[in-house]
Amino acid sequence: MPSLEEELFPSTPGKFKIDRGHTMNRQFNRCFASTSTMFLWALFLIALTASYLSFQSFVDSGSRYFTASWGGIQWEKQIRSSAQIHRSKGMSVLVTGAAGFVGSHVSLALKKRGDGVVGIDNFNSYYDPSLKKARKSLLNSRGIFIVEGDINDARLLAKLFDIVAFTHVMHLAAQAGVRYAMENPHSYVHSNIGGLVTLLEACKTANPQPAVVWASSSSVYGLNEKVPFSESDRTDQPASLYAATKKAGEEITHTYNHIYGLSITGLRFFTVYGPFGRPDMAYFFFTRNILQGKPITLFSGQEPG
Ligand SMILES: NC(=O)c1ccc[n+]([C@@H]2O[C@H](COP(=O)([O-])OP(=O)(O)OC[C@H]3O[C@@H](n4cnc5c(N)ncnc54)[C@H](O)[C@@H]3O)[C@@H](O)[C@H]2O)c1
């Protein structure tokens, strides 16, 4: 009977082919020959399955650490430091839309006064986000931290209120602009209605409850023809989806005051302008056309964004 060595390495190589299937089978058989090897394999497979399942649950429970840009010890430290108050009877304010035009100015003014400020902004691309990033850099240089996140993220808001006992919320995050609604109507509902409700829910449950100041708009006066406008004028004839969502915001905030006693003040801004302004607004188009010697297009109606 030929030895195993002879079988694998015949004396005249090339005379006949080594039967690989046969050899592999033998090796395979050798691996599983004993019951103890099989037992070890079974243990190994069980351990592999268990570690896969626990990894899955870790990913599920902490998915934000993989999908969002917030969280962590360093992140919390930056928030606490940004929220620190530097004057007696000062406020700690959560400013939504802090990378926006009005939000960046409000944040700087509050910080300068000695109040604590934490910003939140989703840096959407309604207009060039590099402008928002530039505002963020300016705020960072003054010790103001802006959280990158959406006001529809209830978990993020809860976390922020967990870290800081905000005394006030300055709510400026919104989908602004009137004409963009033809292109992306849902962005108005997402930020101006959905986002507002998520924010109010977070404020309602926060302890202490913060006082809320938020930006409505003069566009709620809509088709009203009486000028100058007054707070008591009718606001039930919006002339744009933007105006309709701001009007809805006024009713929603009224409800949260009525039911939960939240302190809420709404501001109806008219056209706001100044340095670091919004590039979608008329004064940008006007200036560009004037510099290029072109006529200015006038849109009828009073619809600030
Ligand atoms: N500028 C004006 O003339 C004017 C007039 C009337 C009302 N308003 C209101 O004032 C507020 C500030 O306006 P602005 O001119 O600074 O606009 P802006 O677009 O420059 O600022 C709004 C900011 O909110 C952020 N944002 C939008 N949706 C968000 C979301 N879901 N989550 C987190 N961040 C979000 C945007 O990225 C942006 O940086 C808005 O509520 C606007 O409707 C402005």
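# Exercises on a predicted model

This is a predicted model, and the mean pLDDT of its protein chain is 85, with 76% of the residues at 70 or more.

## Exercise 1: Take stock of the chain

Find out how many helices and strands the protein chain has, and what share of its residues is buried.

**Solution.** Start with the elements: the chain holds eleven helices and six strands. Next comes burial. Of the 305 residues in the chain, 30% are buried. Finally, look at the contacts with a separation of 6 or more: 72% of them join residues 24 or more positions apart.

## Exercise 2: Spot the parts to read with care

Work out where the pLDDT stays under 50.

**Solution.** One such stretch is residues 1–21, where the model shows six contacts beyond four places in sequence. Another place to check is residues 53–66, also with pLDDT below 50, and this stretch has four contacts beyond near neighbours in sequence. What should you do with that? Where pLDDT is low, the predicted coordinates should not be read in detail.

## Exercise 3: Explore the largest nonpolar core

Name the residues with the most contacts inside the largest nonpolar core, then see which elements build that core.

**Solution.** The core has 42 residues, and the ones with the most contacts inside it are Leu-94, Val-95, Val-118, Ile-146, Leu-160 and Leu-172. Now for the elements. Those giving two or more residues are strands S1 (92–96), S2, S3 (145–148), S4 (168–171) and S5 (211–217), together with helices H6 (101–113), H8 (154–163) and H9 (185–205). H9 provides the largest share, five residues.

Zoom in on Leu-160: setting aside residues up to four places away in sequence, Leu-160 touches Ile-79, Leu-94, Val-118 and Val-147. There's also another core, lying apart from the largest one; this other core has eight residues, including Val-178, Val-220, Leu-241 and Ala-243. As background, nonpolar side chains in soluble globular proteins tend to be buried together.

## Exercise 4: Follow H9 and its partners

Describe how H9 packs against helix H10 (residues 241–260), and then how H8 packs against H9.

**Solution.** Take H9 and H10 to begin with. Their axes lie 10 Å apart, at an angle of about 15°. Angles under 35 degrees count as roughly parallel, so H9 is roughly parallel to H10. Their crossing is right-handed. Residues making this contact include Tyr-188, Val-189, Asn-192 and Leu-196 on the H9 side, and Leu-241, Thr-245, Ala-248 and Ile-252 on the H10 side.

Now turn to H8 and H9. Here the axes are 10 Å apart and the angle is about 35°. H8 also passes H9 in a right-handed crossing. H8 brings Ala-154, Leu-157, Ala-158 and Phe-161 to the contact, while H9 brings Thr-198, Leu-199, Glu-201 and Ala-202.

## Exercise 5: Compare the directions of H6 and H7

Decide whether H6 and helix H7 run roughly parallel or roughly antiparallel.

**Solution.** The axes come within 10 Å of each other and cross at roughly 5°. That angle makes H6 roughly parallel to H7. The contact itself is built from Ser-104, Ser-107 and Leu-108 of H6 and Arg-135, Leu-138 and Leu-139 of H7.

## Exercise 6: Place Tyr-126

Is Tyr-126 exposed, partly exposed or buried, and what does it contact?

**Solution.** Locate the residue: Tyr-126 sits in the loop between S2 (116–121) and H7 (129–141). Count its neighbours next. Tyr-126 has 18 C-beta neighbours inside 10 Å, and burial would take 20 or more, so Tyr-126 is partly exposed. Beyond four places in sequence, its contacts are Gln-175, Gly-177 and Tyr-180. Tyr-126 is also 9.5 Å from Ser-187, C-alpha to C-alpha, although 61 residues separate the two in sequence.

## Exercise 7: Hunt for backbone oddities in loops

Find peptide bonds that are cis and non-glycine residues with a positive phi.

**Solution.** Begin with the prolines. The bond from Asn-207 to Pro-208 is cis, with omega near 5°, and Pro-208 lies in the loop between H9 and S5. The bond from Val-227 to Pro-228 is cis too, with omega near -10°; Pro-228 is in the loop between S5 and H10.

Then check phi. Lys-89 has a phi near 60° and belongs to the loop between helix H5 (73–82) and S1. Lys-89 is exposed, with 8 other C-beta atoms within 10 Å. Phe-123 has a positive phi of about 50° and is found in the loop between S2 and H7. With 15 other C-beta atoms within 10 Å, Phe-123 is partly exposed.

Technical notes
Residues numbered from 1 in each chain as written. Predicted model: local features only at pLDDT ≥ 70, side-chain atom pairs only at ≥ 80, totals over all residues. pLDDT = per-residue confidence, 0-100. Contact = placed C-beta atoms within 7 Å. Helix = DSSP H or I, 4+ residues; strand = E, 2+ residues; numbered from the N terminus. Buried ≥ 20, exposed ≤ 12 C-beta atoms within 10 Å, placed from the backbone. Core = buried A, V, L, I, M, F, W, Y, C linked by C-beta atoms within 7 Å. Axes fitted to C-alpha atoms, helices over the stretch in contact; angles between N-to-C directions. Parallel < 35°, antiparallel > 145°, perpendicular 65-115°, else oblique. Left-handed = near helix turned anticlockwise from the far one by under 90°.
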